[in-house]
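The following paragraphs offer a guided reading of one protein structure. The reader is invited to keep the model in view and to follow each step in it.

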Amino acid sequence: MNNKVYIFDTTLRDGEQAPGASLNELEKLEIAFQLEKLGVDIIEAGFPISSKGDFSAVKLVATSLKRAKVCGLARAIKKDIDAAASALRTAASARIHVFLATSKIHMKYKLKKAEEEILRLAVQAVKYAKRKCSDVEFSPEDASRTDKSFLYKIVEAVIDAGATTVNIPDTVGYIEPEEFGLLIHDIFNNVFNINKAVISVHCHNDLGLAVSNSLSAVKNGARQVECTINGIGERAGNASMEEIVMAINTRQDIFKNLKTNIDTKSITKVSRIVSKLTGFPVAPNKAIVGANAFRHESGIHQDGVLKERSTYEIIRPEDVGFKEEGLVLGKHSGRHAFKERLKALSIKLSEKDLERAFTMFKQLADKKKTVYDDDLIAIVDEQIRRIQNRWQLVSFKITSGTGLLPQSEVRLRYKNKETTKVSSGDGPVDACCKAIDKITGKKSKLLEYKLGAVTSGKDALGEVNVRVKINKDIIMGRGTSTDIIEASIKAYLNAINKSFRA
Ligand code: KIV
Ligand code: ZN
């Protein structure tokens, strides 16, 4: 049996379905570049029929990548498949991913169709997709709750129809690892043409079992895993790529000679970039990529690690690219050093954007003694967002103090027109948000506000993450600055700017 496990990343599709995680085209492209560099085999870039924005993002990613296969999702409907094929037309290597639910519960209540009809539609859709693209994946949605004999039948039929990958999704994160391993084992034993396709798995994390389920499937013959960076995704998320890859690498005694193409040394960097661009912070105790994943607090552990690292470390931090603060630049660093650092972080910017980012770096270096990798990622993140921002902050003033009603004056630019409004509020941030609402005309409610520091030290960049309800949408925003009120304004504005695209 083939010993390569294909990594199918769906950060840009299922990951982006996480509530609040909306990415603009340039942010998606940046993530796609990072995933390609990381060694991902297949990148699911979106669901082209779902919106104009998704269509053009898939098209942009398809046009820009050279090595990774770019995939577009489609329901088992002609117009979806046409949209996916059209968005992928310029890809160096493309895949159409067709899905149709097969569990009794989905067929009865959602699709209102009987088994025979579902089987017919699946085969028809795969055949149609195959006319447009030689690489077709089929997913029987909610496979883990599908009647087994029907599942074997549909898997066999879609392979006969030309599917080159068949994906077995645990759509609602219901199955348990042993049970899932057995399901994959049974599929191999009951589908006679199974060797003509790659068997893939796609696990959700509703019971916290997505990674364990994926690994159990791999042990039983699955050779593609669908996953996301940091495990982001619908509801409780998808299986986390970094955990799957590092489990396979670390436990070679169990995953005998199985390999992925992932350059593990880039994992931490990509995790941070995805976190910044999606606005989803990584929990400090998150396996592999959390800030505490390699920190030893207890004296006994520290002593053990100093004597022999393997006493308490099963992964060497450098194997996933974990560095406490990353390399350092300062106010005397020039363009060349700046460019080299971005290159090392695999961040590509046009000459014009590079100049702007360099100016921002110099401004930051004037305020802050040392500029770390995470500061640079924050600068580039701001730069990418700034390009597509409708409203931009020009200036603000704030008066606040003991016994004073906080007052703000905020000036924003939209195209070439600048508008200033004043407002009072419960606190300085509230006063600024109210002034912004007056200018943009948006009715928004700040649901969550989190303040942190990008790196350490008194002069660290402040980073604000917000969740804002704008009309019916819940949107995440992020802002960074050495001034925390400015970071708050930027985060709130970022959410408002995203709402024009939501
Ligand atoms: O969770 C799921 O079933 C999906 C399919 C589209 C593969 O995301
Ligand atoms: Zn999913």
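Strand 1 and strand 2 pair in the parallel sense, and two bridges join them. Within this pairing, aspartate 9 has isoleucine 43 of strand 2 as its bridge partner. Between the two strands the chain passes through helix 1, and the resulting β-α-β crossover is right-handed. The model in which these features are seen is a predicted one.

How much of strand 2 is buried? Strand 2 covers residues 42-46, and five of its five residues are buried, so the strand is largely enclosed by the rest of the structure. On the way to strand 3, strand 2 takes part in a further parallel pairing: four bridges join strand 2 to strand 3, which comprises residues 69-75. Isoleucine 43, already met as the partner of aspartate 9, has valine 70 as its bridge partner in strand 3. Helix 2, residues 52-64, belongs with strand 2 and strand 3 to a right-handed β-α-β unit.

Strand 3 continues the account. Six of its seven residues are buried, and the strand is thus described as mostly covered. Strand 3 and strand 4 run parallel and are joined by six bridges. In this pairing, valine 98 of strand 4 stands opposite alanine 74. With helix 3 (residues 78-87), strand 3 and strand 4 form a right-handed β-α-β unit.

From the strands the reader may turn to the metal. Which residues supply the protein donors of the zinc ion, ligand 2? The donors are Asp14, through OD, and His202 and His204, each through NE2, at 2.0 to 2.1 Å from the ion. Along the sequence these donor residues follow the spacing D-x187-H-x1-H. Aspartate 14 is found in the loop between strand 1 (6-9) and helix 1 (25-38), whereas histidine 204 is found in the loop between strand 7 (198-203) and helix 8 (210-219); the pair therefore ties together parts that are 190 residues apart in sequence. Aspartate 14 and histidine 204 are both buried.

The zinc donors also appear in the surroundings of ligand 1. The residues around ligand 1 include Asp14, His202 and His204, together with Arg13, His97, Phe99, Ser139, Glu141, Asn167, Pro169 and Thr171. Several polar distances can be given here. A polar side-chain atom of threonine 171 is 2.6 Å from an oxygen atom of ligand 1. For arginine 13, the distance from an N or O atom of the side chain to an oxygen atom of ligand 1 is 2.9 Å. For aspartate 14, the corresponding distance is 3.2 Å. Taken alone, ligand 1 exposes 260 Å², of which the protein buries 94%. Strand 4 (94-101), strand 5 (136-141) and strand 6 (165-170) are the elements that give two or more residues to the shell around ligand 1.

Some individual residues deserve separate attention. Aspartate 142 is not a glycine, yet it has a positive phi of about 60°. Aspartate 142 is located in the loop between strand 5 and helix 6, the latter covering residues 148-160. Is aspartate 142 buried or exposed? Its relative accessible area is 0%, so aspartate 142 is buried.

Arginine 235 likewise has a positive phi, in this case of about 50°, and is not a glycine. Arginine 235 lies in the loop between strand 8 (224-227) and helix 9 (241-250). With a relative accessibility of 43%, arginine 235 counts as partly exposed.

A final residue is found in helix 16, which spans residues 484-499: lysine 490. Lysine 490 has a relative accessible area of 22% and is partly exposed. How far apart in space are lysine 490 and arginine 478? The C-alpha atoms of lysine 490 and arginine 478 are 6.9 Å apart, while the two residues are twelve residues apart in sequence.

Methods: Residues numbered from 1 in each chain as written. Chains lettered and ligands numbered in written order. Predicted model: local features only at pLDDT ≥ 70, side-chain atom pairs only at ≥ 80, totals over all residues. Heavy atoms only, no water. Donors = N, O, S within 2.8 Å, 3.2 Å for Na, K, Ca; no water. Buried < 20%, exposed > 50% of the residue type's maximum accessible area, 1.4 Å probe, protein only. Pairing = 2+ DSSP bridges. Right-handed = clockwise from strand over helix to strand, strands pointing away. Near = heavy atom within 4 Å. Polar contact = N/O pair within 3.5 Å; in protein donor to acceptor, adjacent residues only side chain to side chain. Areas by Shrake-Rupley, 256 points an atom, 1.4 Å probe, with all protein chains shown as cover.
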